[in-house]
Amino acid sequence: MWGFLKRPIVVTADINLSLVALTGMGLLSRLWRLTYPPAVVFDEVYYGQYISFYMKRIFFLDDSGPPFGHMVLALGGYLGGFDGHFLWNRIGAEYSSNVPVWSLRLLPALAGALSVPMAYQIVLELQFSHCAAMGAALLMLIENALITQSRLMLLESVLIFFNLLAVLSYLKFFNCQKHSPFSLSWWFWLTLTGVACSCAVGIKYMGMFTYVLMLAVAAVHAWHLIGDQTLSNVGADVQCCMRQACVGQMGMSQGVCVFCHLLARAVALLVIPVVLYLLFFYVHLILLFRSGPHDQIMSSAFQASLEGGLARITQGQPLEVAFGSQVTLRNVFGKPVPCWLHSHQDTYPMIYENGRGSSHQQQVTCYPFKDVNNWWIVKDPGRHQLVVSSPPRRVRHGDMVQLVHGMTTRSLNTHDVAAPLSPHSQEVSCYIDYNISMPAQNLWRLEIVNRGSDTDVWKTILSEVRFVHVNTSAVLKLSGAHLPDWGYRQLEIVGEKLSRGYHESMVWNVEEHRYGASQEQRERERELHSPAQVDVSRNLSFMARFLELQWKMLVLRSDDSEHKYSSSPLEWVTLDTNIAYWLHPRTSAQIHLLGNIVIWISGSLALAIYALLSLWYLLRRRRNVHDLPQDAWLRWVLAGALCAGGWAVNYLPFFLMEKTLFLYHYLPALTFQILLLPVVLQHISDHLCRSQLQRSVFSALVVAWYSSACHVSHTLRPLTYGDKSLSPHELKALRWKDSWDILIRKH
């Protein structure tokens, strides 16, 4: 029983010293003097604001991507004890002592450093040589643009890390499939593939490109798996198969049902990423529970779920709207800006500038600020009272209502008079009786758009409603046009005729609500400033908040005005552009996003060579001429699918995007080019060089080429790290292309 004590306990470890060395060099290149410069560098001014919001638990909305990337950066701030108090208002601002610069830049730097050994492992898993794998890693190590981007508080290095992790995990899973399906390592790498893909998408929507690539490669492999006759039929013995899979039996290449393989891939590559994606938003919304500057972009219900802001105003409001209720009506569309139905004493001009006439009735607009003139009273057309009865008579879907303006007591009206800026729509006004042949037309039918049944009650914040004019069937709508000075540049409200479709500009919701109790106008005006307090909880579910936030992120468009350093995708491939990230306030030291031109041009050439060789091989194979052994051909195809395919899916979609683009958008595609480069070089050496002399000459050329890449990397080092002040002559010498914007001070 105690026999094991008679022998020493020995633990053996298989350590790849090359991998250790690459990891060490990667860490050194990315972490060296990480706190320099101690100032805001380029897009750090953008991401820093969101980190401060996380530290203060303030809600924000960023349309650039899901929240996981921001949470990664915020984690660095949390680990460094950052309190969020720093004014991120300009590039070049010196960091104050309370900003943990090293901690904030640490996680992107670690991601960039670990991408180096990961490139080595990917090429090895593709079954290429140790020399090719070292070449890929060393190219990642010395690429100046990757170094620059990973040393700052930016997200591209984190995105690249998860892209490469997804590829590496899938390759390890694929190689496990050959000899030990359903083993522990098989499950681990398959699951990690899904996790990495989800994280890549959670960093930026660009991560979806790599995720789609991995799904496509996995689908092709699954298709081949279905045709594998060594596996049982799809419906055969599913229960037995699942039982075997659960216990993790080894060596199940024979008799394992196809269904289990397909189910495992579906769960790992589809279900797990979706669950993780939801988890990112769940944590995001749990952390950011306070009202913030982006609240008004969201719906009233979303705003009311946040602490402070609208929630403070609406706390205790009655839930159900009744006849006599005093309400503010917010347009659901929220474009061009969020606004509320509004009126004031001023009337429409008798004659517009274009010569058309108006009704000269009281103006009705949409006003983008809180104001006492936003209040309306929901009146029963059959009664004169403007107060809520006891018990309250609730307003339901389909009821006829009149909307009486709280401060002027005039009713919302529309008629067959052209709107001031939208002549094909009807003018909306508050009716003034001029004792002329223009009777009031102030009856509206309430339609609850998101109703569950035709008897639903109109609810504060939760109900989205339309107002349909009884006489003309026109729908109350925000046109979005800004009125001239006579309308105080407020937004035009119209009656949209013949509207058969649904659009959010026609939909409204009650935001602020109180039960009116004063019949006298003077008392009612005082009442408008003193909301009733009836405590009603209206917390949104997580899924409701997630769906709204996700939709806003997809449809919201930030200002895509032209930037000094914006560029087109065609300029990226040949490195015809750069970005000046930072300039020292007193010396000529500066940091640029500028790539190693030898690596960039070589990567493009390698891609072209791969495409031409693949086309040549395919044509030859069509003629039943096999230039490559089957295993070499399969390696070549898989390497192209992942590396060339990774470049294509991360580059070509930018030609279809209508947004401001920058050089750093190309970096994920560049990493796949770098992976392909040593693959092509080894292929040329192994299969195109026919003699030993040719291989020796080719190897010497490769060494000379890599030496030139190292020389370029070292030459550009002052612009990569920004820690050395160069003379104007030295800076001009680094301007190898006329399109490069190297900053030279004029003294």
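The exercises below concern the cysteines and one surface patch of a predicted model.

**Exercise 1.** Determine how many disulfides there are, and describe where the bonded cysteines sit.

*Solution.* The criterion is a pair of cysteine sulfur atoms within 2.5 Å. Cys 339 and Cys 366 meet this criterion, since their sulfur atoms are 2.2 Å apart, and the count comes to one disulfide. Turning to its placement, Cys 339 lies in the loop between β1 (325-331) and β2 (340-347), whereas Cys 366 belongs to strand β3 (residues 362-367), so the bond ties together parts that are 27 residues apart in sequence. Both Cys 339 and Cys 366 are buried.

**Exercise 2.** Work out the handedness of the disulfide between Cys 339 and Cys 366.

*Solution.* The torsion about the S-S bond is about 90°, and the disulfide is therefore right-handed.

**Exercise 3.** Explain why Cys 176 and Cys 710 are each too far from the closest cysteine sulfur for a bond, and classify the exposure of each residue.

*Solution.* For Cys 176, the closest cysteine sulfur is that of Cys 197, at 17 Å, which is too far for a bond; Cys 176 is buried, with a relative accessible area of 9%. For Cys 710, the closest cysteine sulfur is in Cys 131, at 13 Å, again too far for a bond; with 29% relative accessibility, Cys 710 counts as partly exposed.

**Exercise 4.** Identify which residues form a nonpolar patch on the surface, and place Val 275 in its helix.

*Solution.* The patch is formed by Phe 259, Leu 263, Val 267, Leu 270, Val 271 and Val 275, which together have about 450 Å² of accessible area. Of these residues, Val 275 lies in helix α11 (residues 258-287).

Notes
Residues numbered from 1 in each chain as written. Predicted model: local features only at pLDDT ≥ 70, side-chain atom pairs only at ≥ 80, totals over all residues. Heavy atoms only, no water. Helix = DSSP H or I, 4+ residues; strand = E, 2+ residues; numbered from the N terminus. Buried < 20%, exposed > 50% of the residue type's maximum accessible area, 1.4 Å probe, protein only. Patch = residues over 30% accessible without salt bridge, like charges linked within 9 Å, V, L, I, M, F, W, Y side chains within 5 Å. Areas by Shrake-Rupley, 256 points an atom, 1.4 Å probe, with all protein chains shown as cover. Salt bridge = Lys/Arg side-chain N within 4 Å of Asp/Glu carboxyl O.
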